[in-house]
Amino acid sequence: MKIRDILAQDKITISFEVFPPKTEDAYDSVERAAAEIATLKPDFMSITYGAGGGTSDYTVDIASTIKDTYGVTPLAHLTCVSSTKEKVHHVLDQLKEKGIENVLALRGDIPKDGRTPEVYHYASELIREIKDSGDFCIGAACYPEGHVESANKSIDMDYLKQKVEAGCDFATTQMFFDNSVFYSYLYRIREKGITVPIIAGIMPITSASQVSRSVQMSGCYMPARFMSLVDKFGDKPVAMKQAGIAYATDQIIDLIANGIKGIHVYSMNKPDVARKIKENLSEILK
Ligand code: FAD
């Protein structure tokens, strides 16, 4: 099923994310985690794409298992970084062959050696290529606090508009920890005439080390209310996990209470975290 049709239904949707293994020996454990998350019956599951390129086939493999064995709609990610035109068409052909209809088109993070994408420089170019290559539902990334490389939020929103004009059907946000940042972003992009569904991306932080990693990668703002949890429980792994899941749950409930219908949880191959969040929302999602 196409995600744009899922999002058009009059209901709250919840999706989870998995990332493929970097090496073959880890494949079975990732597939098990993906399977366990799929049994929670999310509205769809997204499978990231290693912009390093080496593990790209696993994205399609895991997406295919989720769909065929568990009946969950997959969203396969694809990046400009490490993609030639041939590679993109190879992946799209595989997706068509396996009946996978949804692609999240991204630029990808620039590798540490600074190599920039050679063929598709920005996600909008990749979106255009996918659009011209078949009947896919296409998603994109968006950034309530602006992308780390962009000069300012307004320019970044203009580039989101470019992605929509290129053919993207919906966008999922980068993680954020302060819902008011998301609400004002939504207001501003609607003012710019961007009307596609925006899915709120929520990252349950389950360890103190994840905090610095997340800030470094995304540059996102950590409110004092969140940092006090980390200060208090950061050195108590079980308590930190419980507090992180509670914080993410609280964010999601506030989003739903404010009329947001699409929630994406960065569940990061952690079925226990996905399960707990789903349980915490059991009545709310009815
Ligand atoms: P773009 O939209 O291309 O934007 C990149 C930068 O260029 C931004 O600063 C933007 O403002 C600017 N820009 C855009 N268009 C233009 C233009 N025409 N001219 C000049 N500047 C422009 N990474 C992975 O490697 N694999 C994944 O599976 C993955 N999944 C993700 C899922 C989500 C929901 C999100 C939010 C991010 C994901 N990422 C993933 C990370 C993402 O690849 C990085 O954030 C990357 O740095 C930007 O990707 P983008 O698609 O937003 O890029």
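**View 1. D43 is a buried residue, with a relative accessible area of 17%.** Here, buried means under 20% relative accessible area, exposed means over 50%, and partly exposed is in between, using a 1.4 Å probe and protein chains only. Before going on, note that this is a predicted model, where local features need pLDDT of at least 70, side-chain atom pairs count only at pLDDT 80 or more, and totals for chains, interfaces and linings use all residues. Residues are numbered from 1 along each chain as its sequence is written, and side-chain values use heavy atoms, with hydrogens and water left out. You'll find D43 in the loop between α2 (27-38) and β2 (44-47); helices (H or I, at least four residues) and strands (E, at least two) are DSSP runs, numbered from the N terminus. Its side chain makes a polar contact with the side chain of K11, at 2.5 Å. That term covers a pair of N or O atoms within 3.5 Å; within protein, one must be able to donate a hydrogen and the other to accept it, and residues adjacent in sequence count only if both atoms are side-chain atoms. Setting aside residues up to four places away in sequence, D43 touches I6, K11, I12, T13, I14 and T73, where contact means heavy atoms within 4.5 Å.

**View 2. L78 sits among the best-connected members of the largest nonpolar core.** A nonpolar core is a set of buried Ala, Val, Leu, Ile, Met, Phe, Trp, Tyr and Cys residues joined through side-chain atoms within 4.5 Å. This one has 63 residues, and M45, L78, L95 and I130 touch the most other members. Leave out neighbours within four places in sequence, and L78 is still in contact with several residues, including Y49, V88, L104 and I130. There's also a second, separate core of 14 residues, with M175, M222, L229 and Y266 among them.

**View 3. I100 is buried, at 2% relative accessible area.** Look for I100 in the loop between α4 (85-97) and β4 (102-106). Not counting residues up to four places away in sequence, I100 touches V60, A63, S64, K67, P74, A76, L95 and F136.

**View 4. K232 is exposed, with 54% relative accessibility.** This lysine belongs to helix α9 (residues 224-233). From K232 to E24 it's 38 Å in space, C-alpha to C-alpha, and 208 residues in sequence.

**View 5. The second largest pocket holds about 180 Å³ of space.** On a 1 Å grid over the protein atoms alone, a pocket is an open set of points where a 1.4 Å probe fits, with protein on both sides within 12 Å along at least five of seven lines; lining residues have an atom within 4 Å of a point. Of its 13 lining residues, P197, I198, I260, K261 and G262 are the closest to the centre. Both α7 (179-191) and β7 (198-202) supply at least two residues of the lining.

**View 6. M268 and N269 share the loop between β8 and α11.** Most residues other than glycine have a negative phi. M268, though, has a positive phi near 45°, and N269 has a positive phi of about 60°. M268 is partly exposed, with a relative accessible area of 28%, whereas N269 is buried at 15%.

Terms used: Grid points are joined across faces, edges and corners, and a volume is the space filled by probe spheres set on the points.
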